Amino acid sequence: MDGNEPVWAMLLNKKPCAYVQKDKCAKRGLFAAQMQSPNLFGFGRFNATLKVAPGQSVRTTMSVYGSGTTIGITFEGSKGKQVDLQVGHQYHSAQLPFDSQLGYHSYGWLWTKNSVEFYVEGKTVWTVTTDVPSKEAPMIVNIYPCGASYCPKYTGRTDVQSNFKSLAFQPAGRKAPDCSPKTWKQTWQDEFNGNKLGDAWTAFNNCTHGPTERELYVKDMVEVKGGKLILKAEVKNAIGPKGKKYEIVSGWVDTSTDFSYCHSDNPKGWAQLYGKFEVNARIPKGQYWPAIWFMNNDKHCWPTGGEIDLMEPALWSGKPPYSFRSTYHYGPKCNDNHSESTEWPVCHDHANCTFAEEFHTWTLVWNPNSLQWWLDGTWLGSVTQTSTGGSLPYAPHYFILNNAVNKKQAGPAKGDPGLFEVDWIKVYQYSHF
């Protein structure tokens, strides 16, 4: 299976039909596909990544459906830029900024006692707060030609399919597995005690990172104080490479051993292949671009060696508060970027979350077959060898922490710096690696 094929597909095609129940396969003259879970689902988060089947009246649906409960997402094959949402007898059609039939996109809902929130690519598109169902019901996913009076007769192709890359349900309150010492062995940690960086870290000094950022990275904006690493962004005039003037300075640190365009070799640096990587941090308040990410420790041009982004604001999702995103970048040659990602609203699964007020734990679980992202013990999403065409990273990666300011962001006000604070980092290795 190459990178262009789905993990699994649901097919609609024209074959001899043995099912004769009224208004089912015999009447429509087509084979359809349906899956129903053997167990029941209740409050929690549902997410699917798929490319939708085309064709007039070809319907692809995902729903929790049973007595007293209907929560669903429906795609009509002739309306690639629309998705239809339902909670009980309440309906809403959301317009999409892309064609759902031309690529893989993420859709889902968060179902709580008081609301059902639907989202597309991590951005909320409809929220229901009245007549919210409470009964558990089976999960049903299907593709079929609509045979009801309210939809036109199916006249499209006779061999179409909806392709799924992922389908997941995270029950409310479910936490990450309790990984005992017998399973995980701690390999590295930094609790930022004392008043200076540990030997594994190097701070950028008089460096920039790409044309979309406003700041100049200088080592004076990196501080270890009160048991925390602090990367500060503030208004300050500075002269960078080639005499360029900057009005914002900020902090960047990484654990690269022998490759970084901004600092010399650090033989005491740190990198690891596979494992569990946890970072407890608090992001700056306001318009900033903090990030927790990893790069290949070998000399590879980007993105051929792989880039793993554990946490960064999704600046393209609109004005603050931003959604957040976890991403894997890869490619067959220099600057030929491909990516797989999971995006979630800033307060998803956290009713009263304030990421700029509180510390939260972001986790990457990386093995030969997948990259999995977690937030405070709640699973956010993953990518696999299959979804990336066998392109998951195969070499040790090092940590990068930085506090950027995008050119579209206001950044710090004079006298009011933005602080990206990291309380601790813990890294583990799975026992059999």
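**Entry 1: tyrosine 274**

Where does tyrosine 274 lie? I went to this residue first, keeping in mind that the model is predicted. I found tyrosine 274 in the loop between strand 19 (252-254) and strand 20 (275-282). Its phi caught my eye: the angle is positive, about 70°, although the residue is not a glycine. I then looked up its exposure. Tyrosine 274 has a relative accessible area of 15%, and as the cut-off for buried is under 20%, I put tyrosine 274 down as buried.

**Entry 2: phenylalanine 192**

I turned to another backbone angle of this kind. Phenylalanine 192 has a phi near 55°, again a positive value in a residue other than glycine. I located phenylalanine 192 in the loop between strand 13 (184-190) and strand 14 (202-203). Is phenylalanine 192 buried or exposed? I noted a relative accessible area of 1%, so phenylalanine 192 counts as buried.

**Entry 3: the disulfide**

How many disulfides does a search of the whole structure find? I got 1. The disulfide joins cysteine 301 to cysteine 334, with 1.8 Å from S to S. I wrote down that the two cysteines are 33 residues apart and that the pair links distant parts of the chain. Cysteine 301 sits in the loop between strand 21 (289-296) and strand 22 (307-314). Cysteine 334 is in the loop between strand 23 (323-330) and strand 24 (338-344).

I also checked the handedness of the link between cysteine 301 and cysteine 334: the angle about the S-S bond is -90°, and the link is left-handed. For exposure, I have cysteine 301 at a relative accessible area of 29%, which is partly exposed. Cysteine 334 is partly exposed as well, at 43%.

**Entry 4: a cis peptide bond**

Which residues does a cis peptide bond join? I found tryptophan 302 and proline 303, with omega about 0°. Proline 303 lies in the loop between strand 21 and strand 22, and cysteine 301 of the disulfide is in that loop too.

**Entry 5: serine 115**

I looked up serine 115 next, and it is in the loop between strand 8 (105-111) and strand 9 (116-120). Serine 115 is buried, with a relative accessible area of 18%. What does serine 115 touch, not counting residues up to four places away in sequence? My list for serine 115 reads Leu110, Thr127, Val128, Thr129 and Val132.

**Entry 6: an open sheet**

I traced an open sheet of 6 strands, paired antiparallel in the order 2-11-4-5-6-7. The edges are strand 2 (33-41) and strand 7 (90-95), and each of them pairs on one side only. From one strand to the next, the twist averages 15°. I then followed the pairing at strand 7: 6 bridges join it to strand 6 (residues 82-87), and the two run antiparallel. Here glutamine 82 stands opposite glutamine 95 in strand 7.

**Entry 7: cavities**

How many cavities of 30 Å³ or more are there? I counted 2, and I spent my time on the second largest, which holds about 40 Å³ of space. I noted its lining as Arg45, Phe46, Asn47, Ala168, Phe169, Gln170, Trp379 and Leu380. The elements giving two or more residues to that lining are strand 3 (44-51), strand 12 (159-171) and strand 27 (378-384).

Notes
Residues numbered from 1 in each chain as written. Predicted model: local features only at pLDDT ≥ 70, side-chain atom pairs only at ≥ 80, totals over all residues. Heavy atoms only, no water. Disulfide = S-S within 2.5 Å. Helix = DSSP H or I, 4+ residues; strand = E, 2+ residues; numbered from the N terminus. Buried < 20%, exposed > 50% of the residue type's maximum accessible area, 1.4 Å probe, protein only. Contact = heavy atoms within 4.5 Å. Pairing = 2+ DSSP bridges. Axes fitted to C-alpha atoms, helices over the stretch in contact; angles between N-to-C directions. 1 Å grid on protein atoms, 1.4 Å probe; cavity = no way out; pocket = protein on both sides within 12 Å on 5 of 7 lines; lining within 4 Å. Points joined across faces, edges and corners; volume = space filled by probe spheres on them.
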